[in-house]
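Analyst: Take a look at the structure below, and then ask me whatever you like about it.

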Amino acid sequence: MIPSVLPTYNRAPLTFVKGEGSWLIEADGRRFLDMGAGIAVNALGHAHPALVDALTQQAQALWHTSNLYNIPAQQELADRLVAATFADTVFFTNSGTEACELAVKMARRHFHDAGQPERTRIIAFEGSFHGRSAAGIAAAGSEKMTKGFGPLLPGFTHLPWGDHDALKAAIDDSVAAILIEPIQGEGGIRPLSDVCLKGLRDLCDAHGILLILDEVQCGMGRTGRLFAHEWAGIAPDIMMVAKGIGGGFPLGAVLATERAAAAMVAGTHGSTYGGNPLACAVGCAVMEQIATEDFLQDVRARAGYLRQRMEALVAAHPDVFEAVRGTGLMLGLKCRVSNTDVLNACYEAQLCAVPAADNVLRLLPPLNITEADIAEAFARLDAAATAVSSC
Ligand SMILES: *Cc1c(COP(=O)(O)O)cnc(C)c1O
């Protein structure tokens, strides 16, 4: 008999009932160190007082009105995002996949209204992940995500990661946008170098193509800058954001320049829940904490320590781990044994991490994790690796 919850997930046999900072408490009372943060979502850990306050205050005032009316918290969050980024304008969604839908629509509509309606093609990359909607799976194009769901949304071209010649060859007058994650998350923590990101920007400028960055996972302070592309000194035309922006409350956004967004006039797009008062009240509190130079400086310091500990871990267990990769607090441990075995050993050691493609184990801790908790993460990962290699 089919379970009452549609069984599309491979769940670990764990049930968490409470969270405190970087810790999760299991129903049986065991405390787990949370190095996954709900897949880069709980950017400020669990039950952060400022987020709890923002949510409860808004909950007592007003939950929902729809976008038929002005929403002050939505306006405030948009103003904060515009002030802190390249963007001139923001649309709020509930998730990353909805942000992908709009990013694709915005790019196509831009060229439609610019008198180039033949420009509809979006170039995306193998190993990428942009969500599970029709546009999201068509964009990523992997067999695993698309099998049996055809016909797929047309107009996507998939290129190998890092193949410059294939990229140059794919550029023609039918291309509307290049869509890419500055650091592939689900794909196994594969960072794009700053040089490549700059090169992509130049290529887009040379051919009048829009650059869409998917910063759903790597954005919101995760790399030690508010957004990962800032390291390369470039800006996209359109950017997808979600995960960390709501700190655990469902929230996503599309940020764009005025030029890229100009065709999205009244009636061209909408969402019942997008930019809901509860989500935006929490989003403002998240921005208040994360979008400061002091906080991001601390993230970079913690990231340096985590990196050093993880390099030591790999050095201590060369039979289990091959390398550390990633940036900031978005690290991947490339495994020599099955990443599922390592993950199960982590659960035994009461540590949560997140598997990724390419046999990688992801570490995506809360951005405010303490040094003591990073040291504890090393101890638990060390115990897990020792258990795996003695199997
Ligand atoms: C998680 C993720 C998405 C999809 O976000 P959802 O909120 O799950 O819809 C899209 N892109 C990237 C890079 C992601 O990591």
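User: Over how many bridges do strand E5 and E7 pair?
Analyst: First, a note: this is a predicted model, where local features need pLDDT of at least 70, side-chain atom pairs count only at pLDDT 80 or more, and totals for chains, interfaces and linings use all residues. Residues are numbered from 1 along each chain as its sequence is written, and side-chain values use heavy atoms, leaving out hydrogens and water. Strands (E, at least two residues) and helices (H or I, at least four) are DSSP runs numbered from the N terminus, and two strands pair if DSSP finds at least two bridges between them. E5 (residues 121-125) and E7 run in the parallel sense, and their bridges number 3.

User: Which residue in E10 is the bridge partner of Leu179?
Analyst: E7 also pairs with E10, in the parallel sense over 4 bridges. On the E5 side, Ile122 has Ala177 of E7 as its bridge partner. On the E10 side, the partner of Leu179 is Ile212.

User: How many of the 6 residues of E7 are buried?
Analyst: Buried means under 20% relative accessible area, exposed over 50%, and partly exposed in between (1.4 Å probe, protein chains only). Strand E7 (residues 175-180) is largely enclosed by the rest of the structure, because its buried residues number 6 of 6.

User: Is Ser174 buried, partly exposed or exposed?
Analyst: Ser174 sits in the loop between helix H7 (164-170) and E7. Leaving aside neighbours within four places in sequence, Ser174 is in contact (heavy atoms within 4.5 Å) with Glu118, Arg119, Thr120 and Arg121. With a relative accessible area of 22%, Ser174 is partly exposed.

User: What is the distance between the C-alpha atoms of Ser174 and Gln116?
Analyst: Along the chain, these two residues are 58 residues apart. In space, their C-alpha atoms are separated by 8.9 Å.

User: Let's move to the ligand. Which residue has a polar side-chain atom 2.7 Å from a nitrogen atom of the ligand?
Analyst: Residues near the ligand (a heavy atom within 4 Å of it) include Gly96, Thr97, Phe129, Asp214, Val216, Gln217 and Lys243. A polar contact is a pair of N or O atoms within 3.5 Å; within protein, one must be able to donate a hydrogen and the other to accept it, and residues adjacent in sequence count only if both atoms are side-chain atoms. A polar backbone atom of Gly96 is 2.8 Å from a ligand oxygen, and an N or O atom in the side chain of Gln217 is 2.7 Å from a ligand oxygen. For the ligand nitrogen, the residue is Asp214.

User: How far apart in space are the residues that UniProt lists for "binding site"?
Analyst: An unreviewed UniProt entry lists Gly96, Thr97, Phe129, Asp214, Glu215, Val216, Gln217 and Thr272. They are spread over 177 residues of sequence, and between C-alpha atoms they are up to 24.9 Å apart.

User: Is Val216 buried or exposed?
Analyst: Val216 lies in the loop between strand E10 (210-214) and strand E11 (238-241). Beyond four places in sequence, Val216 touches Gly96, Met240, Val241, Ala242 and Lys243. Its relative accessible area is 9%, so Val216 is buried.

User: What is the relative accessible area of Thr97?
Analyst: Thr97 belongs to helix H4 (residues 96-113). Among residues further than four places away in sequence, Thr97 touches His130, Gly131, Arg132 and Ser133. Thr97 is partly exposed, with a relative accessible area of 21%.

User: How far apart are the end C-alpha atoms of helix H10?
Analyst: The expected span of a helix is 1.5 Å times one less than its number of residues. For the 14 residues of H10 (residues 277-290), that gives 20 Å. The model agrees, with the end C-alpha atoms separated by 20 Å.

User: Which residue caps the N-terminal end of H10?
Analyst: H10 is largely enclosed by the rest of the structure, because 12 of its 14 residues are buried. Helix H2 (49-61), helix H3 (72-84), strand E4 (89-93) and helix H11 (293-316) are among the elements covering those buried residues. At the N-terminal end, the backbone nitrogen of Leu278 lies 2.7 Å from a side-chain oxygen of the capping residue, Asn276.

User: Which strands stand at the edges of the open sheet E1-E2-E3-E15?
Analyst: The 4 strands of this sheet have mixed pairing. Inside it, strand E2 (residues 23-26) and strand E3 (residues 31-34) run antiparallel, joined by 3 bridges, and Trp23 stands opposite Leu33. Each edge strand has a single partner, so one side is left without a neighbour in the sheet; these strands are E1 (16-20) and E15 (351-352).

Technical notes:
UniProt positions renumbered as here; feature names shortened; annotations may be inferred.
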